[in-house]
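Visitor: Got a minute to walk me through this one?
Guide: Sure, pull it up and let's take a look.

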Amino acid sequence: MATVTARTLPWYSPPRVAQAMRQARRYPLVPLAMLTFLLVIPAVLATQVAPHDPLKGALAKRLKPPAWQQGGTIEHPLGTDKVGRDILSRIIHGARVSLVVSLVAIFVGGALGTTLGLMSGYFGGWVDALLMRLVDISLSLPTILLALVLVAAVGPSFGTVIGVLVVLLWARYARLVRGETLAIKERDFIARARVAGASHTRIMARYIFPNVVNSLIVLATLQVGYVILLESALSFLGAGLPRPTPAWGLMIADGRELIVTAWWVSMFPGLAIMLTVLALNLLGDWLRDHFDPKLRHV
Amino acid sequence: MRPRLVSPALVLLLVALLFGLGTAPMSGSAQEAKGQRLVFASAGFDESNRFWVVARPDHLQYDPFLETLLEVDPKTGEYTPRLAEKWSASPDFKEWTFILRKGVQFHFGYGPFTARDVIHSHSMMMRPEATATLAGFWRQVEEVKAINDHEVVFRFKRPSTVMPYAASRAGDLRIVSKVQWDKEGLEGFEKRPAGTGSYRYVGRQPGLSVSFERVDNHWKGEKPAFKELVFRLAREESTRLALLLSGEAHIADLPRELQKDALKRGMKIYSSSFPVDWMTVYLGGQYYMPGDPAFKPDVAWTKKSVRQALNMAINRKELLNTVFAGKGSMTYVTGWSEKSEGFNPEWQHRFDKMYGYDPAKAKALLKEAGYGPGQLKFKILAFTEPGESEGPQVAEALGIYYKDIGVATEIEVLDWAKVREMFRKKAIQCCIWPNIISWRPSEEWIRTSYYSKSPNHHYENEFVDKHYDALTKSVKPDERQRIARTIADHLFEEFADIPLFWFANEVVANPKVVAEWVYPGLAAGRSTHFHLVRPPAK
């Protein structure tokens, strides 16, 4: 007897949102466009694009609503915060902050994790055991709590935030690379390289590393969103970048007391975070589908 | 839902929840509160039953149950009898005699209040760990002698004219039971301190609340309208607003910014009877006593012109009208009000020229001191304490003003305890910090803030020390007036710090629960006299 499910019924059509998400994941144009407009252009051209200096305020213009609300002006399209700074300009400059923080943290954390992962997988034995226990410890630490403790100990600054994020990120790279290295090192071309007299460093750098790059790109892309969220959370909790840096998390924190009367102060940076992370996740999905041979064949 | 879509969804949920706050309906617990339970949502304090280790604003937690020798009249601000019926000073102001009230019983059956309890309470202030605001003052006492059970004499090393203030509800000498201490020691005191107030201590949940219950046979006949009193701690301003609007709290300590929201929802503001607090911005690292290793000449504001520039960069009127909703008046010299010894009416006339808003002149002064645009950078520290919610906002505003004169700033929000530790250890050369401080007599103010031997180190030099020593030895009113004015004039001329505003203490209450509340604001803890909170008539 044939099984009848909702999908086989002639009048069934998947929800529009689900369809849209599937389409967005299938074609990278949407997330790429979102990313370009939300993150890349503002980050690169912040000084040119932003209508105002993000640090300059005027108490006389404090808490101006967005342009379309009564009392709002086109001079400050998204309104002003409690010391009269332009919200739009701060969001634009905040994109640069988010991008720089996440890229630097991912690069440093990724480099460290990849190196340790390659060593762990390639050498095996006690090196593997030691490094993997370190990874286990690192992955079991409560992220936000650890970050708060570290920031409380050394004080908030750009360097501290990067340091905290690196401590939180490296283990994922190490585990991923180690797993792939374990499989790759058993393959014939590695054995041939060894017979040809290649050193351990050369084998890891020239023969194994290129084979794990695709996975690293996917992980890094997916982590940009995670890092932006983490950095925003740290800033929101006062353990991130110092004020008056135009960081999105800080902007949300600034507005949380005013949510009833001046919702725009925290709403727009919140939307910026949400859309950016969504775009990065969609892009990450697409990259994974593209680079993963199993998924590609499906 | 795919795992990676969880994060954006959480952001959406957070935003939705935040908006939900704005539409939260008021609960019906206002009715429940009538005559039963009064909840005050406070920004929090240094939680401890050891009154000898906390600062004056933190005495809010003792006000309902630990009494003092003298009262501060809620309407007139005068010092009036409390546990002491009478008091007098010797002609040289070195001896103060207090006649104690008879028939006062400590809570929990620890017996009657006597001179021994006064001596014991003072001995707490002499303990090595005592860091209370007036601990330094109490250490000047050479001897506390019981003449009999109801008469006690404080003998000072030098004249003390500020004793009534220090022994009053504005000071920090809380009277506790010697019998309890002998029986149970510090452990028992920490667990359930006995006082003599019209509320007695019930307990505290660290980080959450302190609770008290009404005493039905208070010696003075004080009869609080509410059976239970709870100080609910909520560091976040929006949380305190939410507690108030939802009916979980009936009074809340809110910044003026949020008071507007509360007023729109039918809440009412209660102000202290007097303008009692001033806000000033301290400049760290002004240690000018010769040979002080903490003095760093490269700290920009060790130059007078930089101090003047930092003053002239601020548009005080704008700051007052925006951040403080126009509720306040100008301070000309930090700590000096019209009723202070040494107040000089001339300051008002000269203030605009010397301190008034003039960014162009501020820039020129900085240039003259060797700081061109972008060459001066420092940190502004911000913190909040009960009744001091505006600190971080003022810090942000200062950053805006300083940016206009080419000075870069970074704002760091810390706990008050951390900031206090930094300036007490003279490790705050990096920073400036806005602070709200309660009024106190000039001599005591100079001692705590400017005298080099005090635990706080704000601005100290030989000139202030020399004149302060002279002030402490003087008992003639005219002479004292002259000396106090000399010190205050010096601080004015030298731009010792950045004086901003005087204002009254304000709290917001639900009028369905609180119909009347008169408190002076001068008492330690600011929002005090909870026995005078009256509910609406039924």
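Here's our chat about a helix pair, a chain contact and a sheet in this predicted model.

Visitor: Are α5(A) and α7(A) parallel, antiparallel, perpendicular or oblique to each other?
Guide: Their axes come within 9 Å and cross at roughly 135°. Roughly antiparallel would need an angle over 145, and roughly perpendicular stops at 115. So α5(A) and α7(A) are oblique.

Visitor: Which class do most residues of the contact of α5(A) with α7(A) fall into?
Guide: From α5(A) you get Leu131(A), Val135(A), Ser138(A) and Leu139(A), while α7(A) brings Ala171(A), Ala174(A) and Arg175(A). That set has one charged residue, one polar, and five that are nonpolar.

Visitor: Which element gives the largest share of the side of chain B that touches chain A?
Guide: Chain B puts 30 residues into the contact and chain A 31. Elements of chain B giving two or more include α1 (6–22), α13 (391–404) and β16 (407–413). The largest share, nine residues, comes from α1(B).

Visitor: In the open sheet with the order β4-β5-β7-β6 (chain B), which strands stand at the edges?
Guide: The sheet has four strands with antiparallel pairing. An edge strand here has a single partner, so one of its sides is left without a neighbour in the sheet. That picks out β4 (84–89) and β6 (141–148) of chain B.

Visitor: And what is the bridge partner of Asn148(B) in β7(B)?
Guide: Strands β6(B) and β7(B) run antiparallel, joined by six bridges. For Asn148(B), the partner in β7(B) is Glu151(B).

Technical notes
Residues numbered from 1 in each chain as written. Chains lettered and ligands numbered in written order. Predicted model: local features only at pLDDT ≥ 70, side-chain atom pairs only at ≥ 80, totals over all residues. Axes fitted to C-alpha atoms, helices over the stretch in contact; angles between N-to-C directions. Parallel < 35°, antiparallel > 145°, perpendicular 65-115°, else oblique. Contact = placed C-beta atoms within 7 Å. Nonpolar A, V, L, I, M, F, W, Y, C, P; charged D, E, K, R; others polar. Pairing = 2+ DSSP bridges.
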